[in-house]
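Biologist: Could you walk me through this structure, one question at a time? I'm new to this, so please keep it friendly.

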Amino acid sequence: MSRNRITAGPGAVICQETYLDGEISIGAGTVLHPQCRIIAEKGPIYIGKNNIIEENVIIFNKNASPLVIGDENVFEVSCYVEGSHIGNNNIVEARAKVLGTTTIGHHCIIGAACATEVNETISDMTVVYGSKSSRRQQSEVFPTQAALHARHLDYLREVLPKYNHLKKLENA
Amino acid sequence: MSTAVGPPPFVHYYCACPDLSNNTQDPRRSPEITSKKDTESLDEKTTTTPTTSTTSQTSQSTQHQQQQKDQANIDASATGRHLLSTQASNYLYPLSRLYFCEDCHQIRCPSCVQDEIVSYYCPNCLFEVPTASVKSEKNRCARNCFQCPICQNTLSVVAAQEATPSSTPASAGPYFLSCNVCRWNSKEIDMTFEKPTSLALQLQKTEETLPDAKEFDNLKDHLEKHLRLNVPPTLPTSFLSFSSSGAFSKMMGSHLHQDNQSQQGKLDDLGAYEPAVHVPDDDSKLVDQLMSLRSVDQVSTLSQRFSQLHDQPYQLSHIHPQRIHLCIKRSKRCRTCRHILIKPEQKAQATRFKIKLVAMNYIPNISIVKLPRKTWPLQQGIPTQFVLKFTNPLYEEMNITLATPQMQKKAGLANTNDNEQQQPPLPQEYEAQIRGKVTLLSPHFTVGAYNETIEYDDEMYPTGSNMRGRSAFGGGGSGGLSSSWVNGVHEKRNNYTSIIVEVIPEQMGEFQFPLLVTYNYKSDEDRMDVSSGDIDEEDIEDVDADDGSRKANSSMRLDDDRIKSYSFWCLIGLGQVTRAESI
């Protein structure tokens, strides 16, 4: 069991009620809501910049190899993320599951309550949706998504500290 | 312990739909049963005379056979075994789906009520469409509501570029449709709009230029003259519109008197038709395309194809977003007395009802309660007790009498009718038997009346003399349980009464048993019912002139009291019966 070694970049907002376990590195500007759990059981977890990790999210690394998460991702409420490499600008919607050693590219959307297979590679711009987790490629990124994400982050950085205690972690 | 879940326990009520009672061939019922509704006691009527004989003029032997069959039918429905047949599952409903007609004083089910359309509305924008324009818009929303061609979710209108502070207000640029679920947008099929409103109108222009539509218009013009002369008269939507019998016979007569000769002559007048617009025939190209497919993603699924019925294309790129179908609001009416049972509000946003005569507010609500430390799921051969809880929705106290059919030695008629000859084999349905023994410990009991203060009652203070000398409700230890066995009533409080029922399942499989519930209560004309609206002042005036003095609304007028009684069957299922585990 690796010792707890959690580092966070500047501007990261990590609430007191989060459960962080193992070797975790959190990028600058990332926001962790209360009640989320990041468990680096066997291997480290490296989280990039400007991510939003909402309540009841479980990011679990069962493999010895590091789990790398990119920038500007959104992990919505109650999703379950294992996987091995997650790119940038993805959205993992509520109650979705990313299982096993799956790799996710950039600009993907894992729809609400959808799940990926245990070991597959999801290429860029893929949308997983529907009750049967069907796939399709989106032709372009939603035009306002980037601006919306930035506004979301600003709002959270302003409001969360008002209602939650924050953890002070050493800089990476 | 079996891990299979099995069917859950349920209580379903049986609706004796009155429409079918006139058909004596129907094995489900007989007129004898409808007249039994107001009787106090239920005997096992195995000796009813075959007065329900058919009216058909058959020979003596078949008539006798028919009498025997009717006898079987009567017996089966008298004992409730008809509820166990597979046919009866069409008429069994949970209490939430039943209505109650106050005038007829009977249960009505979704099958025996008449539906009428109140209004049409779009489920997306909740706009109420006037009935006149529903047909012209082909039952679809005329505004901006579209359906994603891929996932059939609602599309939202999005501006192509963000509204920046420097540009003109109200997002500039072309608009397009976008789906939030599958992230499809209409730019993929080159569909953009100039304005964000009245998209249907903008689409209509492109729809009109399709070769299919143009060809159809030409064909219609050509045949229009012919159609006007020769159109066969369609049946009117409602025969009530005829003012007299003369008008009715005129309508039917013109239809019947047209013989074939005159029709042939008129058809010949039609000139030859030449198609004005050539509709391209793409079939061979389509086949080539399909043969060279590399991945099946470009082929549309059946449900996607069915959304676009006029051409049903194979290629996913040819499927356009369709306008959203309108939904309706219905009002329901009792078929026998034409009394409205359910009437929703006209507005699409309103979810309340103007008139709501639902069975929950009239007949007792039966639920199953599991006793602690009892075997569950049921095991074969082991007697198990559980509790049936009856909740009274009325403002008056009601007396309930229960009955279950007895087990018979062999499937078929009882042997008490001496006049019968050798019985013909009965239809398969009547082989259904209750798979075990059911004992009601207290078949007759009362349930208290409902009043609003019950909502605030603390559960701590039980009422009713049956609770005396007993430990906390639920029975703590065998001592508490044995006292409740004395009169079979487990608990009597506020407006509900729980009674103990013991079952001994004897066969494997799902255990169901029918139960006949008869209840009567003193009806007071002045009292308000839970579901009705305000009392009509005129009704009270007319009721009785003997008692000259008019007191306040809540007075009990004893000379007006009538004991109202009603009985209905229900089927109680207790889930799967498993093999008894050896201890």
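Modeller: Happy to, and keep in mind that this is a predicted model. Let's start with one residue: at 18% relative accessibility, Arg323(B) counts as buried.

Biologist: Which residue does Arg323(B) form a salt bridge with?

Modeller: The closest N and O atoms of this pair are 3.1 Å apart. A salt bridge needs such atoms within 4 Å, so the pair qualifies. The partner of Arg323(B) is Glu137(B).

Biologist: How far apart in sequence are the parts that this pair ties together?

Modeller: Arg323(B) lies in strand E10 of chain B, while Glu137(B) is in the loop between helix H3 and strand E7. Glu137(B) counts as partly exposed because its relative accessibility is 25%. The parts tied together by the pair are separated in sequence by 186 residues.

Biologist: Glu116(B) forms a salt bridge with Arg333(B) too. Is Arg333(B) buried or exposed?

Modeller: In this salt bridge the closest N and O atoms are 2.8 Å apart. It links distant parts of the chain, with Glu116(B) in strand E5 and Arg333(B) in strand E11, 217 residues apart. Glu116(B) has 25% relative accessibility and counts as partly exposed. Arg333(B) has 16% relative accessibility, so this residue counts as buried.

Biologist: What about Arg493(B) and Glu491(B): what is the relative accessible area of Glu491(B)?

Modeller: These two form a salt bridge, with their closest N and O atoms 3.1 Å apart. Arg493(B) counts as buried because its relative accessibility is 4%. Glu491(B) is buried as well, and its relative accessible area is 3%.

Biologist: How many salt bridges does a search of the whole structure find?

Modeller: Side chains of opposite charge can pair when their charged atoms come close. There is also a network of salt bridges here, linking Asp115(B), Arg330(B) and Lys332(B). Over all chains, the search finds ten.

Biologist: Lys329(B) is buried yet has no salt bridge. Which backbone oxygen does its side chain reach at 2.8 Å?

Modeller: Lys329(B) sits in strand E11 of chain B. The nearest side chain of opposite charge, Glu345(B), is 6.8 Å away, and a salt bridge needs atoms within 4 Å, so that pair doesn't count. The Lys329(B) side chain does reach the backbone oxygen of Glu345(B), at 3.1 Å. At 2.8 Å, the backbone oxygen reached is that of Lys347(B).

Biologist: What is the strand order in the open sheet of five strands?

Modeller: Strands of a sheet pair through backbone hydrogen bonds, either parallel or antiparallel. This sheet has antiparallel pairing, and its edge strands, E6 and E13 of chain B, each pair on one side only. E12(B) and E13(B), for instance, pair over three bridges, and Ile342(B) stands opposite Lys356(B). The order is E6-E5-E11-E12-E13.

Biologist: Strand E16 of chain B has a covered face and an uncovered one. Which residues make up the covered face?

Modeller: E16(B) runs antiparallel to E18(B), with four bridges, and also to E21(B), with six bridges. Leu402(B) stands opposite Val517(B) in E21(B), and Thr401(B) stands opposite His444(B) in E18(B). The uncovered face has Asn399(B), Thr401(B) and Ala403(B), and the covered one has Met398(B), Ile400(B) and Leu402(B).

Biologist: Last one: how far apart in space are Thr578(B) and Gln379(B), C-alpha to C-alpha?

Modeller: Thr578(B) lies in the segment after strand E22 of chain B. Thr578(B) counts as buried because its relative accessibility is 17%. The two residues are 199 residues apart in sequence, but in space their C-alpha distance is 4.8 Å.

Notes:
Residues are numbered from 1 along each chain as its sequence is written. Chains are lettered from A and ligands numbered from 1 in the order in which they are written. This is a predicted model: local features need pLDDT of at least 70, side-chain atom pairs count only at pLDDT 80 or more; totals for chains, interfaces and linings use all residues. Side-chain values use heavy atoms; hydrogens and water are left out. Two strands pair if DSSP finds at least two bridges between them. Helices (H or I, at least four residues) and strands (E, at least two) are DSSP runs, numbered from the N terminus. Buried means under 20% relative accessible area, exposed over 50%, partly exposed in between (1.4 Å probe, protein chains only). Lys and Arg count as positive and Asp and Glu as negative; His and the chain ends are not counted. A polar contact is a pair of N or O atoms within 3.5 Å; within protein, one must be able to donate a hydrogen and the other to accept it, and residues adjacent in sequence count only if both atoms are side-chain atoms.
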